[in-house]
Amino acid sequence: MLDRWLPFLIYGLFALAIPVSMIVMSFVLATRPTRRSRARGLPFESGVSQGPLEQQRFTISFYLTAMLFIVFDIEIVFLYPLAVVLEQLAWFGFLELLFFIAILAVAYVYVWRKGALEWRR
Amino acid sequence: MNEPWWIDGIKSVVIVNLVLLTFAYMTLVERKVMARMQLRYGPNRAGPFGLLQPMADLVKLIRKESFFPANAVDTLYIAAPVVSAVTALTAFAVIPFGPGWEIFGYDVSGYVVNVPIALILLFALGSLGIYGFIIGGWASESKYSLLGSMRTCAQLVSYEVSLALSVLGVVIMSGSLSLVDIVDKQNETMWFFVPQFVGLITFFIAGIAETNRAPFDLPEAEQELVAGYHTEYSGMRFGLFQMAEYINMITLSALCVTLFFGGWHGWNDDVLGPLWFILKLLIILFVFIWMRATLPRLRYDQLMAFGWKILLPAATLNALLTALLVVAL
């Protein structure tokens with residue numbers, strides 16, 4: 001069982017080696033700046049100088065999206081194993097699936113009606 | 001079929017390099033094709049027909065000054081593009097590309113990795129890649145970067161749900177999560193793009209959003225956000241982010257071919273298997289470029305509404321209907 005994962009390890013090492021070597025090469029081969037100035041290191045602001053750093057605040061929708069994602073992604077994690085054995089379970093499996101999705105649908109309708117799916121500005 | 005480990009090593013090197021080559025020439029083909037669609041010539045100075053352009057780009061990127069923004073968190077700032085690129089490259093490992101051959105008395109299988117949870121592994125690696133985007137945007141301590149990475153993260157997680165649900169029909173029909181089994185099953189019955197047509201459409205749309213391609217390229221909408229999460233990046237680190245993005249697109253197209261278009265199957269596929277696979281892959285990649293040249297970008301609230309209110313129910317209903325048909329028939 002475990003030896004199926006050996007090729008993945010080998011492949012993963014090569015996949016790791018290439019980006020790392022590119023980064024290392026970019027340090028070795030990069031041109032050095034001849035002149036240092038403070039302005040070069042400032043964050044990009046389309047030429048407008050940056051004001052004092054302030055607390056960044058985001059719309060609530062980003063947090064709602066994150067929570068909805070967790071709910072629905074866990075749904076998928078539960079559905080995948082069921083999908084694999086669905087043909088053997090036949091009608092029992094299908095009813096389980098229907099039951100599971102029905103419960104989720106209640107939550108989904110609730111979330112929709114509450115307006116959590118609208119993007120707020 | 002037990003192979004000695006060095007065959008896996010050779011296959012890994014070949015596949016990793018082929019993916020990188022495809023990525024390099026994807027950048028050229030994209031610029032060329034888009035240019036022709038807009039009645040321009042595109043890059044044509046480096047080499048005949050601009051064929052050496054990717055090499056020139058590589059040299060340019062690697063020679064750029066390695067630059068740190070004043071406020072950046074240095075370690076994370078460097079690690080982020082590497083994380084994205086590594087996960088993108090690794091995800092390709094599970095894609096089968098041929099029937100397997102006997103070369104000099106050794107059995108060489110037509111895949112690098114065949115694990116029973118290949119599909120989940122692929123999605124998991126794709127999700128890990130998001131860490132690179134969000135860390136990169138956060139570590140560079142710039143408004144545009146942070147906004148871009150928040151947008152990227154929200155968009156990717158929203159569409160990942162639909163993406164994973166849209167292939168549920170395929171999993172139900174083939175009864176396996178291993179991509180090798182899914183390809184075999186399609187050869188026995190029929191290619192899944194016929195029975196799973198709704199699944200294909202939702203998969204493709206969600207896939208475009210997952211790879212930040214137009215019309216869903218909100219994370220780097222240049223008119224609003226400059227360049228999104230990689231605003232502060234330059235040189236090879238910027239190059240690695242681009243690489244991650246293009247390789248994600250290649251992997252997604254390969255997955256699309258594998259799940260819906262019969263993988264490497266085709267006429268005379270004992271010998272020509274990999275060629276069929278590459279041909280189908282290129283056609284899907286062309287569609288990606290075509291859509292970018294044709295469609296205008298969505299607004300952010302439209303994007304989120306579309307993902308949660310249309311794509312998600314469509315994918316769920318498709319899975320449910322497939323389950324019903326599989327059980328009833």
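1. In chain A of this predicted model, residues 24 or more positions apart account for 58% of the contacts with a separation of 6 or more. The chain has two helices and zero strands, and buried residues make up 33% of its 121 residues.

2. As for the interface, 61 residues of chain A are in contact with 83 residues of chain B, and the area buried between the two chains is about 6600 Å², with carbon and sulfur atoms giving 76% of that figure. On the side of chain A that touches chain B, the elements that give two or more residues are α1 (6–29) and α2 (60–114) of chain A; α2(A) gives the most, with 22 residues. Sorted by residue class, this side of chain A divides into 44 nonpolar, eight polar and nine charged residues.

3. Specific polar pairing across the interface can be stated briefly. Between chain A and chain B the count of salt bridges is zero, while four residue pairs are in polar contact, both partners being at pLDDT 80 or more. A search of the whole structure, over all chains, finds four salt bridges, and the pairs discussed in the next points belong to chain B.

4. Which residues are linked with Glu30(B) in a network of salt bridges? The partners are Arg213(B) and Arg292(B). The side chains of Glu30(B) and Arg213(B) meet at 2.7 Å, N to O, and because Glu30(B) lies in helix α1 (residues 5–37) of chain B whereas Arg213(B) lies in the loop between α8 and α9 of chain B, this pair ties together parts that are 183 residues apart in sequence. With Arg292(B), the closest N and O atoms are 2.8 Å apart, and here the link runs from helix α11 (residues 269–294) of chain B to helix α1 of chain B, the two residues being 262 residues apart.

5. The members of this network are not equally accessible, and the classification deserves a careful reading. Glu30(B) has a relative accessible area of 1%, and is therefore buried; Arg213(B) is likewise classed as buried. Arg292(B), by contrast, is at 36% relative accessibility and so counts as partly exposed.

6. A further salt bridge joins Arg299(B) to Asp301(B), the closest N and O atoms being 3.0 Å apart. Is each partner buried or partly exposed? Arg299(B), at 47% relative accessibility, counts as partly exposed, while Asp301(B) counts as buried because its relative accessibility is 17%, against a cut-off of under 20%.

7. Ala214(B) is found in the loop between α8 (197–210) and α9 (222–225) of chain B, the loop that also holds Arg213(B). With a relative accessible area of 7%, Ala214(B) is buried. Leaving aside neighbours within four places in sequence, Ala214(B) is in contact with Ile208(B), Met291(B) and Arg292(B), and Arg292(B) is also a member of the salt-bridge network described above. The C-alpha atoms of Ala214(B) and Pro296(B) are separated by 7.4 Å, although these residues are 82 residues apart along the chain.

8. Helix α4 of chain B (residues 118–139) has 22 residues and reaches 32 Å from its first C-alpha to its last, which is close to the 32 Å expected at 1.5 Å a residue. This helix is followed by Glu141(B), whose phi is positive, near 50°.

Conventions. Residues are numbered from 1 along each chain as its sequence is written. Chains are lettered from A and ligands numbered from 1 in the order in which they are written. This is a predicted model: local features need pLDDT of at least 70, side-chain atom pairs count only at pLDDT 80 or more; totals for chains, interfaces and linings use all residues. Side-chain values use heavy atoms; hydrogens and water are left out. Helices (H or I, at least four residues) and strands (E, at least two) are DSSP runs, numbered from the N terminus. The expected span of a helix is 1.5 Å times one less than its number of residues. Contact means heavy atoms within 4.5 Å. Buried area is the accessible area (1.4 Å probe) that two parts lose on being put together, summed over both. A polar contact is a pair of N or O atoms within 3.5 Å; within protein, one must be able to donate a hydrogen and the other to accept it, and residues adjacent in sequence count only if both atoms are side-chain atoms. Ala, Val, Leu, Ile, Met, Phe, Trp, Tyr, Cys and Pro count as nonpolar, Asp, Glu, Lys and Arg as charged, and the others, Gly among them, as polar. Buried means under 20% relative accessible area, exposed over 50%, partly exposed in between (1.4 Å probe, protein chains only).
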